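I opened the model to go through its fold, its packing and a few odd backbone spots. My notes follow in the order in which I looked things up.

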Amino acid sequence: MINVLFAATAERWTDYEAPLRAAFAARDLAVDLRTEFAPEEVDYIVYAPNSPLQDFTPYTRCKAVLNLWAGVEAIVGNETLTQPLARMVDHGLSRGMVEWVTGHALRHHLHIDHFLAHQDGDWDGARMIPPLAEERPVTMLGLGELGSACAQALAGLGFPVTGWSRSQKDIPGITCLSGDAGLDEALSTAQILILLLPLTPETTDLLDARRLAQLPRGAVVINPGRGPMIVDQDLVAALDSGQLRHATLDVFRTEPLPAEHPFWSHPKVTVCPHIASETRPRTAAEVVAENVSRGEAGEPLKFLVDRARGY
């Protein structure tokens, strides 16, 4: 019997119990799935970083911690965590992110907000012809699983897409850049800038006043990645000056975003409550079950976190 501890909130247990049991059964895995075990009896931990479980030291038999979130910055620095850690990358998460990113990119590309603001009977005042996608350069900061999927989807719609990552990538149809000089080049053409980098010491405060000034005037920033990558006050200043046309933000330094935060009332900011790509229980359960199956077969786990890089 394989003992799997579900270490997350009660609400997530309600959502995940049935899909996990079904996914384990589909792989013929004899799993005892519970929310409580004696630590020394646990083989795998299905984990959300907001779980009360923060000390992994007693879990001496545990073969892996399987994160339910794509982001691992809230757990990767835990010094008690010596077990292998796998992040969540699943079909539902990827598709959800692609749909959210392309939807908001098209919203700004087509100036949908302009037409919504001109429903007053003034035909000439409402008239605006957007450029074709091929005339609207897009830059994707981050070319991991999610960033690559979104970049390719946008390229498929006809946008010229430049992607930047810390290490050089090669993705068909995408201009891939890396390094400091590559970042400068990627920002210089970005009429729409999308942030999907992992949060590391190097990416924290990445988009500050200096880098915002490198964007073409009137650019749009879309951030479904990590809130601390943007310096909030510098973003507001760039919006107020007209350097940026709009910012659509799904992630923030503090979540939930405080009601008094200036983003809520700013006319050029769209606030979304961290919903760009929620993990779907059915598809996430299939990823968890696959990794348990791999672990039991002695095979490498999928989406293992590189502790040295933090993701």
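**Entry 1: contacts and overall form.** I began with contacts, where contact means heavy atoms within 4.5 Å. In the protein chain, residues 24 or more positions apart account for 61% of the contacts with a separation of 6 or more. I noted that this is a predicted model, in which local features need pLDDT of at least 70 and side-chain atom pairs count only at pLDDT 80 or more, while totals for chains, interfaces and linings use all residues. Residues are numbered from 1 along each chain as its sequence is written, and side-chain values use heavy atoms, with hydrogens and water left out.

I counted secondary structure next and got 10 helices and 12 strands for the protein chain. These are DSSP runs numbered from the N terminus (helices H or I, at least four residues; strands E, at least two). The C-alpha trace spans about 70 × 45 × 35 Å along its principal axes. The radius of gyration, taken over C-alpha atoms, was set against the globule rule of 2.2 Å times the number of residues to the power 0.38. For 311 residues a compact globule would have a value near 19 Å, and the protein chain has 21 Å, which agrees.

**Entry 2: surface and charge.** I looked up the exposed area of the protein chain and found about 14400 Å², with carbon and sulfur atoms supplying 53% of it. The areas come from the Shrake-Rupley method with a 1.4 Å probe; for residues, only the protein chains shown count as cover. Of the 311 residues, 51% count as buried. Buried means under 20% relative accessible area, exposed over 50%, and partly exposed in between (1.4 Å probe, protein chains only).

**Entry 3: cores.** A nonpolar core here is a set of buried Ala, Val, Leu, Ile, Met, Phe, Trp, Tyr and Cys residues joined through side-chain atoms within 4.5 Å. Which members of the largest core touch the most others? I found Phe6, Phe24, Leu154 and Val288, out of 55 residues. Another core, of 31 residues, lies apart from it, and Leu215, Ala219, Leu244 and Val269 are among its members. Back at Phe24, I listed its contacts beyond four places in sequence: Val4, Leu29, Val31, Leu33, Val288, Ala289 and Val292.

**Entry 4: two buried helix residues.** Ala284 sits in helix 10 (residues 281–297). It counts as buried because its relative accessibility is 0%. Its C-alpha is 7.3 Å from that of Leu68, although the two are 216 residues apart in sequence. Leaving out residues up to four places away, Ala284 touches Tyr16, Met88, Asp90 and Thr279.

I then checked Arg107, in helix 2 (residues 91–109). At 15% relative accessibility, Arg107 is also buried. Beyond four places in sequence, Arg107 contacts Ile112, Asp113, His246, Thr248 and Thr270.

**Entry 5: backbone exceptions.** Most residues other than glycine have a negative phi, and most peptide bonds are trans. I therefore logged the departures, starting with the cis peptide bond that joins Glu255 and Pro256, with omega about -5°. Pro256 lies in the loop between strand 11 (244–249) and helix 9 (262–265).

His274 has a positive phi of about 55°. I placed His274 in the loop between strand 12 (269–271) and helix 10, and its relative accessible area of 35% makes it partly exposed. Phe303 has a positive phi too, near 65°. Phe303 is in the segment after helix 10 and is buried, at 19% relative accessible area.
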